[in-house]
Amino acid sequence: MAQYKFEILDVFTDQLRAGNQLAVVHGADGLDQETMQSVAQEFGFSETTFLSAPQNGAHSAAVRIFTPANELPFAGHPTIGSALAVARAQGMEALGQGIVVLEEKVGPVRCGVRFDDAGAYAEFDLPTLAERFVPPGTKEDVALALGLTEDELGFENHVLSQFDAGLPYTLVPVRDLAVAAKTRPVMTHWNKAFGEHSHNSAFVYCRETMGHDNQFHARMFAPDAGIPEDPATGSAVASFAGAVALFDDLPDGGHTVRVEQGMEMGRPSLITLELEMKDGDLVGGRIGGHAVTFATGEITV
């Protein structure tokens, strides 16, 4: 048996007991995959990360990411929270800012961190640009799987789509906040609508928002990954970048989009998406957000 330090962060928020909870386990070099999965199940958060020494000495840390059900190659709030945890461990808080490179299964992820009067903030470059795929299910299938009717899906020129920027998501536009609020997973229809694989997740969004400075309202459901609903999903917003670039016909240059999530769960979150467009195509992007430390301690494994 050995002891490992851990911390719990609330990510994509600057307030305690909001945002998305993340457990970060430090010095996890001696833990095998089975033990990591068991520890993630014990924490019970949407994700738990395990930090170890990087393979490339120029990088900051290696990170493995687990939901209660499986390992992920990449995820958003685990990247934000892990970057800030690594930055603090390496003394960057005293400097006010720095660069952290995390080795994730998807590849190296470069993160900028800063510590100031507004709190701790991190942002990372999209590990890969969103690629579009054909959604597994029809509009009827998706409506049934979310407890909705077909006429409640879509707004303006936003239609069902599927994008992958490290993890695949079916992106489901809905008419307004009222429709978003009543959305729920209907498991008897889930696999037909979203596919039979370990990340058959639905990112539901609308243009109407609760915060007047935000551009989109979202909910994310991943029941087959052990996540009935997620308060903030950076990897989904990375994929969502593809839909925003496609359907909103953005002009060339930089654009900032704020996505609110978690309101229906009582854990309000805010994800900042920066997009870079050139000749009508998405050529770059970043995901950013605040995080606060809720607890620290040790686990015995």
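A disulfide here is a pair of cysteine sulfur atoms within 2.5 Å. Keep in mind that this is a predicted model, where local features need pLDDT of at least 70, side-chain atom pairs count only at pLDDT 80 or more, and totals for chains, interfaces and linings use all residues. Residues are numbered from 1 along each chain as its sequence is written, and side-chain values use heavy atoms, with hydrogens and water left out.

**Exercise 1. Work out how many disulfides the structure holds, and whether Cys-111 and Cys-206 are buried or exposed.**

Step 1: apply the sulfur cut-off, and you get zero disulfides.

Step 2: check accessibility, where buried means under 20% relative accessible area, exposed over 50%, and partly exposed in between (1.4 Å probe, protein chains only). Cys-111 counts as buried because its relative accessibility is 1%. Cys-206 is buried too, at 0%.

**Exercise 2. Find the cavities of 30 Å³ or more and describe the lining of the largest.**

Step 1: get the rules straight. On a 1 Å grid over the protein atoms alone, a cavity is a set of points where a 1.4 Å probe fits but cannot get out; a pocket is an open set with protein on both sides within 12 Å along at least five of seven lines; lining residues have an atom within 4 Å of a point. Grid points are joined across faces, edges and corners, and a volume is the space filled by probe spheres set on the points.

Step 2: search the whole structure, and one cavity of that size turns up. The largest cavity holds about 70 Å³ of space.

Step 3: list the lining. It has 18 residues, with Glu-47, Tyr-169, Asp-230, Thr-233 and Ser-235 closest to the centre. Helix H2 (76-89), strand S14 (227-230) and helix H7 (234-247) each give two or more residues; helices (H or I, at least four residues) and strands (E, at least two) are DSSP runs, numbered from the N terminus. H2 has the largest share, with three residues.

Step 4: sort by class. Ala, Val, Leu, Ile, Met, Phe, Trp, Tyr, Cys and Pro count as nonpolar, Asp, Glu, Lys and Arg as charged, and the others, Gly among them, as polar. That gives nine nonpolar, seven polar and two charged residues for this cavity.

**Exercise 3. Describe the largest and second largest pockets.**

Step 1: start with the largest pocket, about 220 Å³ in volume. Its lining counts 16 residues, and Phe-12, Thr-13, Asp-14, Ser-269 and Leu-270 sit nearest the centre. Strands S16 (269-278) and S17 (281-300) each supply at least two of the lining residues. The classes come out as six nonpolar, eight polar and two charged.

Step 2: move to the second largest pocket, about 170 Å³. Its lining residues include Phe-163, Leu-246 and Met-277. H7 and S17 give two or more residues each, and H7 has the largest share, three. By class there are seven nonpolar, two polar and two charged residues.

**Exercise 4. Place Gln-162 and find its partners.**

Step 1: Gln-162 lies in strand S10 (161-164) and is buried, at 9% relative accessible area.

Step 2: skip neighbours within four places in sequence, and Gln-162 contacts (heavy atoms within 4.5 Å) several residues, among them Phe-133, Tyr-169 and Thr-170.

Step 3: look for a polar contact, a pair of N or O atoms within 3.5 Å; within protein, one must be able to donate a hydrogen and the other to accept it, and residues adjacent in sequence count only if both atoms are side-chain atoms. The Gln-162 side chain makes one with the side chain of Thr-170, at 3.4 Å.
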